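Please look over the sequence and the 3D structure shown here before reading on. The notes after them are meant for a reader who has not met this structure before.

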Amino acid sequence: MTRHIIRRLIQAIPTIFGVTLLSFVLIMSAPGGPAQIYAREDPENMTPEKRERLLERLGLNDPWPIQYLIWLTGNDWMHTLGWKDLDLNDDGEIDEDFLRRGILRFDFGESLQYKRDVGEIIGGRIPATLELGFASLLVSLFLGVPIGILAAIWRGGWFDNITRVGAVIGSAIPVFWFGLMLFLFFGIVLNQPWARGNQCDKNKYSRSGCPPVHMRLEYLILPTIVLSYGGIAGYSRYMRTSLLDTINSDYVRTARAKGLPNRDVWFKHAARNALIPLATFLGPAVVGVLSGAAITESIFSWPGLGQIFVASVSARDYPIVMASVLIGAVLTVIAFIISDILYAVFDPRIRF
Amino acid sequence: MAANVRGNVAQIQAEEAGQIKVRTHMQRALMRLRRDRLTLVALAVLGTITLLAILAEPITLYMLNTTYATEDLTNNFTLPGNEHLLGTDEKGRDVFSRLLYGTQVSLRIAFFAAILSLGIGVTLGMITGYYGGIVDDFLTWFITTLNSIPSLFLLLIIASILKPDSTTLIFVLGFLGWTGTMRLVRGESLSLKEREFIIAARAMGASSLRIMFQHILPNLISLVVVTLAIDVGGLILTEAALSFLNFGIAPPEPSLGNMLTRSSDYYRTAPHLVVIPGLVITIIVLCLFVIGDGVRDALDPTINP
């Protein structure tokens, strides 16, 4: 088991490496890089010398592979090795402005819009996304699984048909439109303050002064409904199929032959085994929540990772964009590993 | 086993004697499809919508005497009624004609992007599934990487870099959407290439290319048709979300997504601007998913007619 976990962790390294490479290449191919954004902000003062110093400070004069290396690992070790001179005023110390520690040491650089450390900004955003993500994962599991079980038990009945229609609509309805409709109906027509999103982002990038989550659960209602609808639809359909598969297996027939009551056969024998494949859903579910969060958070002005990502892409704030992509990818990879391990834990037929 | 063989022999004899009508796989599939009412309704609805969307230009020009960009600021926010079938928007443009054009744009993008991603997915899936080896390893790594980035994040970045019009959007969506298809096709080809009929073909000296295109590809057709329907549906949703967030089709060209972008600002005066485009998206995607499911059942050879 331990060996399997270690192997999965090692397998994750090339993936994360690929993500860093991909996001770096994408950002570098964007027209009008960081230098232009600085220039736009302050056009009169942009003398050639200043521009040169800025390019040097942002490391934009280096060839791409070097820039990538610096972005990954920082440039202080290059200074130590004598490859790069970071001591421009010759006081024997590295200039703070020029120092990079690299994303491997959690230095994501400075945000171009907010002029603050990206790690700090993103760190302040993650709790909000986690709140929303956990809430919607829990809701989709705790509603989707029982609905699927009941639909399987009463297959062909009215409950099965209604939930089937609901599930198809759930996968066909655009998430953003569904969110928009709920937001407009509860927030504008019924004028409910909790429907207009989380009001904790008073100073935009800090969550200080926000009451703990259990004091403002009502704010979670609408975004959670929006984010979990697709999940409920998916889980219930999957659970139904999976349960109908197991109900025809030999051990269930044995249980029936022993004369066990119907309830025990369905819930104790069949449902437990039918639950196993759900473990593999965790990885894709996290990807879905993060993608959905980008839209849902924007609609309900929820101060999370998705909202700042959308805003930063529009504003071409590349350090924030890269950091959010990386964190999203790391969360996804971790979720995939956990779901792999869960699958192995729940299903004793899997050996390593 | 023996009984089965005897049954098959009896059936073949009966067919040769002309006692049983011989039907091909496709004919049987069509027969099953004809009995599936829900799928037929979905096909009819989608067909009507597609036809209206294709005819957007003549309908707007000759029947409504307007264009999708004709503004009439004295007549904005008209509710659906006699003069304008579905009302007007904030600039007094006719919502019905914008909807026709928007549906056309969205359908075109989703359809061609789905074709593109299917083409890439099926080709790569067949090659990797059939040959395996280093290409397979590299592509598996690439796909794992691509799939660990939340897809909307990647799309938003690329869309913000390229500032796509409807043609580039087709390529962007097509080049990012093939991973799921490829994995499906790869799995299918992996299992197909071990079957007896492929081994028989190889024993008779068929080349790899011939095996792939003559023997494996026909067995993937049902998978491809179903994936196409589901993919087009998914891509309509993606395109709508992108355009809604201002990263897709830019105004004044209408798309189902960008018609919704500013609509929430006018919700009190003109709720139809929010309701109608979203409803159209839902109906189209619903039809496509139902059709995908229906075709899958119809093409499933294990279900008897």
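What follows is a short briefing on a predicted model, grouped by topic.

In chain B there are 12 helices and zero strands, and 46% of its 305 residues count as buried. The structure also holds 16 aromatic pairs over all chains, and chain A contributes residues to a nonpolar surface patch of about 580 Å².

**Chain B as a whole**
- Read from the N terminus on, the elements of chain B run α-α-α-α-α-α-α-α-α-α-α-α.
- Taken along the principal axes, the C-alpha atoms of chain B fill a box of roughly 80 × 50 × 30 Å.
- Among the contacts in chain B between residues at least 6 apart in sequence, 71% join residues at least 24 apart.
- The accessible surface of chain B comes to about 15500 Å², and 63% of that surface belongs to carbon and sulfur atoms.

**Aromatic rings**
- The structure holds 16 aromatic pairs over all chains; in one of them, the rings of B:Tyr130 and B:Tyr131 have centres 5.2 Å apart and planes at 90°, so this pair is edge-to-face.
- B:Tyr130 has a relative accessible area of 9%, which is under the 20% cut-off, and therefore counts as buried.
- Ring pairs also link B:Phe138, B:Trp141, B:Phe142 and B:Trp178 into a cluster.

**A nonpolar patch on chain A**
- The patch of about 580 Å² is made by A:Met1, A:Val330, A:Ile334, A:Ile338, A:Leu342, A:Val345 and A:Phe346.
- Of these residues, A:Val345 has its place in helix H14 of chain A, which spans residues 318-346.
- A:Val345 counts as exposed because its relative accessibility is 52%, where exposed means over 50%.

How values were computed: Residues numbered from 1 in each chain as written. Chains lettered and ligands numbered in written order. Predicted model: local features only at pLDDT ≥ 70, side-chain atom pairs only at ≥ 80, totals over all residues. Heavy atoms only, no water. Phe/Tyr/Trp six-rings, centres within 6.5 Å; stacked < 30°, edge-to-face > 60°. Buried < 20%, exposed > 50% of the residue type's maximum accessible area, 1.4 Å probe, protein only. Patch = residues over 30% accessible without salt bridge, like charges linked within 9 Å, V, L, I, M, F, W, Y side chains within 5 Å. Areas by Shrake-Rupley, 256 points an atom, 1.4 Å probe, with all protein chains shown as cover. Salt bridge = Lys/Arg side-chain N within 4 Å of Asp/Glu carboxyl O. Helix = DSSP H or I, 4+ residues; strand = E, 2+ residues; numbered from the N terminus. Contact = heavy atoms within 4.5 Å.
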